[in-house]
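Me: I am new to reading protein models. Please take one part of this one and walk me through it slowly.

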Amino acid sequence: MDFAKLMSAQINKAKQSAPPADSSKKFLSRKELEQQRQAQYRAEQEAAEASRREKIALKRKAEEEEAEREAERRDKRRRLEEETRQRREEEAEEEERRRRKRLGLPDLPPKKAEGEDEGSPVPEDEDIEEEELVAKLRALDEPAVLFGETHKQRLQRYKKRIGRDILKASLTDGPIPTTLQLVPEKDMKVSPTLPKDNQGREFLFRQLASYFTMVLQEWDDTLARRTIEVKTSYPGKQAYNAMVQARENLRPLFKKMEKYDLPDSVLEPVVEIVLAAQERRYVDANDGYLRLSIGKAAWPIGVTMVGIHERSAREKLHESDKNAAHIMSDEITRKYLQSIKRCLSFAQTRWPPTDQLQLMG
């Protein structure tokens with residue numbers, strides 16, 4: 001390689017990278033070079049800051065436009081949902097009108113406009129003067145006037161509070177509060193046959209509610225009389241949790257008895273169980289519980305149909321639901337039937353039988 005050409009190239013490169021010299025000055029001082037460097041750095045920083053601000057402004061503008069488009073989409077979706085709902089209501093109303101016309105029923109009443117119900121006057125026999133209504137609300141420790149509340153809304157709030165107080169006053173004080181009027185212990189003995197009249201069934205439900213209330217109350221009192229060591233032990237806590245669980249699971253049974261809609265297929269075995277428990281025949285009561293929970297229905301085991309010939313007694317598999325297991329009907333029924341069994345287990349320890357053969361295992 002030619003050394004002269006290499007040196008010439010390096011000298012030309014240094015001349016090109018060097019800053020343009022002032023025609024008036026042949027040399028630059030270190031201070032001037034530093035000032036030039038600082039000015040170039042500030043220019044670069046200002047350009048970078050301007051670029052960053054421009055990017056932020058573009059991003060903010062894009063986000064605002066996207067938010068506006070999203071708001072428009074939500075409004076459009078809400079309008080479409082409202083139109084669809086109104087159209088469905090109109091179609092359902094029109095279908096109901098055609099059905100009523102076809103069956104000869106009276107037509108539907110005219111639909112009330114929005115807000116018409118709130119402004120409609122209150123009947124004279126149900127209305128209360130404003131001053132008297134405010135005084136009654138204050139006597140019940142209720143707010144006299146709520147923000148934006150009309151006179152009719154205030155009257156409805158007063159009636160709702162009165163209704164709650166009446167319902168609370170009608171509930172019994174026991175492990176399971178109920179609207180059924182409990183009977184004394186001497187009248188708790190149930191009859192082995194189900195009454196046919198409504199008055200007799202109502203009294204039967206009162207007897208059943210009274211018996212289970214007495215058993216739960218005795219169970220709670222027995223657990224409360226234990227010592228602190230027994231209460232705080234693991235078996236003691238388990239016993240208390242079993243009592244609480246049985247009490248909570250019996251609430252649906254009490255609700256059914258309050259509404260008088262307990263089916264006879266369940267009521268008859270429950271009456272049999274309670275009657276046997278009241279007579280301290282706990283083995284018989286347990287047998288009634290097993291018939292109620294497991295049932296007498298045939299359980300098919302193996303092949304029930306082979307070829308063209310039926311097996312003998314195959315028709316027993318399709319009998320009525322009288323022998324079906326009620327414990328398999330639904331979860332709520334299973335829980336309160338198991339709670340009845342737990343009440344039986346406690347009752348035989350609280351009221352032991354005279355015949356030791358009647359003790360359940």
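What follows is a request about one helix pair and a connected reply.

Me: Please look closely at helix 6 and helix 9. How do their axes cross, and which residues make the contact? Is leucine 208 of helix 6 buried or exposed?

Reply: Keep in mind that this is a predicted model. Start with the whole chain. The protein has 12 helices and 2 strands. Read from the N terminus, eleven helices come before the two strands, and one more helix follows them. The protein has 361 residues, and 23% of them are buried. Now take the contacts between residues at least 6 apart in sequence. Of these, 60% join residues at least 24 apart.

Now the pair. Helix 6 covers residues 198-224, and helix 9 covers residues 251-259. Their axes come within 10 Å. The crossing angle is roughly 155°. Angles over 145 degrees count as roughly antiparallel. Helix 6 and helix 9 are therefore roughly antiparallel to each other. The crossing is left-handed. Which side chains meet there? Helix 6 brings Phe205, Leu208, Ala209, Phe212 and Thr213 to the contact. Helix 9 brings Leu253, Phe254 and Met257.

Pick out leucine 208 from that list. Leucine 208 sits in helix 6. Its relative accessible area is 0%, so leucine 208 is buried. The cut-off for buried is under 20%. What does leucine 208 touch? Leave aside residues up to four places away in sequence. Then its contacts are Val190, Met257, Leu267, Val270, Val271 and Val274. Met257 is a residue of helix 9 in the contact between the two helices. Leucine 208 can also be placed relative to lysine 189. The two are 19 residues apart along the chain. Their C-alpha atoms are separated by 9.0 Å.

Helix 6 has another residue worth finding, and the way to it starts in helix 8. Helix 8 spans residues 234-249 and contains arginine 247. Arginine 247 has 18% relative accessibility, so it counts as buried. Again leave aside residues up to four places away in sequence. Arginine 247 then touches Pro175, Ile176 and Leu216. Leu216 falls within residues 198-224, the span of helix 6.

To retrace the path, begin at leucine 208 in helix 6. Step across to Met257, which leucine 208 touches. Then return to helix 6 and find Leu216, which arginine 247 touches.

Conventions. Residues numbered from 1 in each chain as written. Predicted model: local features only at pLDDT ≥ 70, side-chain atom pairs only at ≥ 80, totals over all residues. Heavy atoms only, no water. Helix = DSSP H or I, 4+ residues; strand = E, 2+ residues; numbered from the N terminus. Buried < 20%, exposed > 50% of the residue type's maximum accessible area, 1.4 Å probe, protein only. Contact = heavy atoms within 4.5 Å. Axes fitted to C-alpha atoms, helices over the stretch in contact; angles between N-to-C directions. Parallel < 35°, antiparallel > 145°, perpendicular 65-115°, else oblique. Left-handed = near helix turned anticlockwise from the far one by under 90°.
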